[in-house]
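Trainee: I should like to request a close look at a single part of this model, with its pairing and its charged contacts described together.

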Amino acid sequence: MKNMNLKAAPLVLALLGAGIIGGAAVEAVHHVGTPATAAVLPPMAPATVPSPGTGDRVVMPDFPGITQRYGPAVVNISVTGTREAQQDMSDPLEFFRQFQRGQRGGAPERRVPVRGMGSGFIVGADGIIMTNAHVVKDANEVVVKLTDRREYKAKVLGSDPKTDVAVLKINASNLPVVTLGSVDSLRVGEWVLAIGAPFGFENTVTAGVVSAKGRSLPDDSAVPFIQTDVAVNPGNSGGPLFNARGEVVGINSQIYSQSGGYQGVSFAIPIDLATKIKDQIVAHGTVEHAKLGVAVQEVNQSLAESFGLDRPEGALVANVEKGSAADKAGLQPGDVIRSANGKPIVSSGDLPAIVALAQPGQRLQMNVWRKGKQVQLTADLGRSSDKVAAAATPGKADGGKLGLSLRPLDPQERQESGMRAGVVVDDVAGPAEAAGVQPGDIVLAVNGTPVATVDQVKTAVAKSSKSIALLIQRGDDKIFVPIRVG
């Protein structure tokens, strides 16, 4: 399942690496602390101060208290290892060395050293530690350092690149631990605090607010990220994000940046999701993800009008994988999923977030909007490792009103595309061109209704007054394109 509602164009989605030597890409984070205690401490109550001019009490977070109480449960992680890299064959000396060794042609791979630093936090007094998967990637040796300067060699119990969560174990006991919170109770605008080692400056505390919840990023992950404006830089990766009560609500993981450093936007993995991954790793050493088998996109105002929705909400199904859980449940391109297991789907990113927290085999009850009516569907979620074939969805398109010149698929095109029917865009102008339709696109459906001839497209378009949603296939991708007419 893929959902992309942020454009990556001028921005760089950066993993928070630091301390890199020899071309490695591993991360750094360290943390604040005072004398450690082994007991699990209760959440802290935020302080209150008078509001100027009103006399009302305003809740203020006790950041010094949070740092003093939970800082000892945050650890530094040092990583050494190797990874594969290609030789630079543009270097004449390197080419000559390869020629002497008889390695001609191509750019041979070699092992390069990897060194890096990262951070984590203790969630079990017996030495269970959570961090980012990319912090320990390619690691041959992982060393954990506590705030009291004790060091331990750590075992990587498992890591999950899909969610960027890893679990370590050190041979120790009676360790200080953090208190875990819940993202459900986290509110946008709430104060949050991070502890880490940006650019190697250990025990650095930064604070800010929650900017948004449930963010979907264009990185092929299904993580509903917490967006904050906390200053997070190379070196913070794997560190905890605390709420005002001192509870860990996320794992700092990524930033959006044009410079590679902090520019006001950072992302954390929700602790609810991370804890489920941790529990699977501790119990089985591996992680199994649920899979619905759909590609979804946002519903904007034009698409909402096209599908007869009262507001632009939900996850619009653009593609259904053949043989997937979604296919077996009867989901179709053009369906708008409005709720799943009783939880409303406002943004398209809400759906992969719900699936990411589910287990393979779990049932997903969906409220679906289809052709102006509510439909109830149930899917038995599959496994992300299941191999399914791409869907072959029939469809067609129109002419004058949209500015499209269309023709049916010829037999060779049908054979190459695997589609039994379709209408090819030969030329485009007017509203369709302005909306982004291109020559060579294949229109599969109009307003969620599959079409197989140009006449079917004209009939469907004639029934629309304001907006028309075309399901377009371009290469291997399918997407709904809203077109305003009239």
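Which residue in S8 does Val 143 stand opposite?

Mentor: Val 143 stands opposite Lys 153 in S8. Before the surroundings are described, the basis should be stated. This is a predicted model, in which local features need pLDDT of at least 70 and side-chain atom pairs count only at pLDDT 80 or more, while totals for chains, interfaces and linings use all residues. Residues are numbered from 1 along each chain as its sequence is written, and side-chain values use heavy atoms, with hydrogens and water left out.

Strand S7 (residues 139-145) pairs with strand S8 (residues 151-160) in the antiparallel sense, over four bridges. Here strands (E, at least two residues) and helices (H or I, at least four) are DSSP runs numbered from the N terminus, and two strands pair if DSSP finds at least two bridges between them. The hairpin of S7 and S8 has five residues between the strands, and in it Arg 149 takes a positive phi near 75 degrees.

A salt bridge also belongs to this account: the side chains of Arg 150 and Asp 148 meet in one, at 2.9 Å from N to O. The term denotes a side-chain nitrogen of Lys or Arg within 4 Å of a carboxyl oxygen of Asp or Glu. Arg 150 is partly exposed, with a relative accessible area of 36%, and Asp 148 is likewise partly exposed, at 39%. Partly exposed lies between buried, under 20% relative accessible area, and exposed, over 50% (1.4 Å probe, protein chains only).

On the other side of the sequence of S8 comes strand S9 (residues 165-169), which runs antiparallel to S8 and is joined to it by five bridges. In this pairing Gly 158 stands opposite Val 167 in S9. The hairpin of S8 and S9 has four residues between the strands, and Asp 164 within that hairpin takes a positive phi near 65 degrees.

The salt bridge of Arg 150 and Asp 148 may be set beside others, for the structure holds 11 salt bridges. One of them links Asp 441 with Arg 474, whose closest N and O atoms are 2.6 Å apart. Asp 441 lies in the loop between helix H8 (430-435) and strand S27 (442-446) and Arg 474 in strand S29 (residues 467-474), so this pair ties together parts that are 33 residues apart in sequence. Asp 441 counts as buried at 2% relative accessibility, whereas Arg 474, at 35%, counts as partly exposed.
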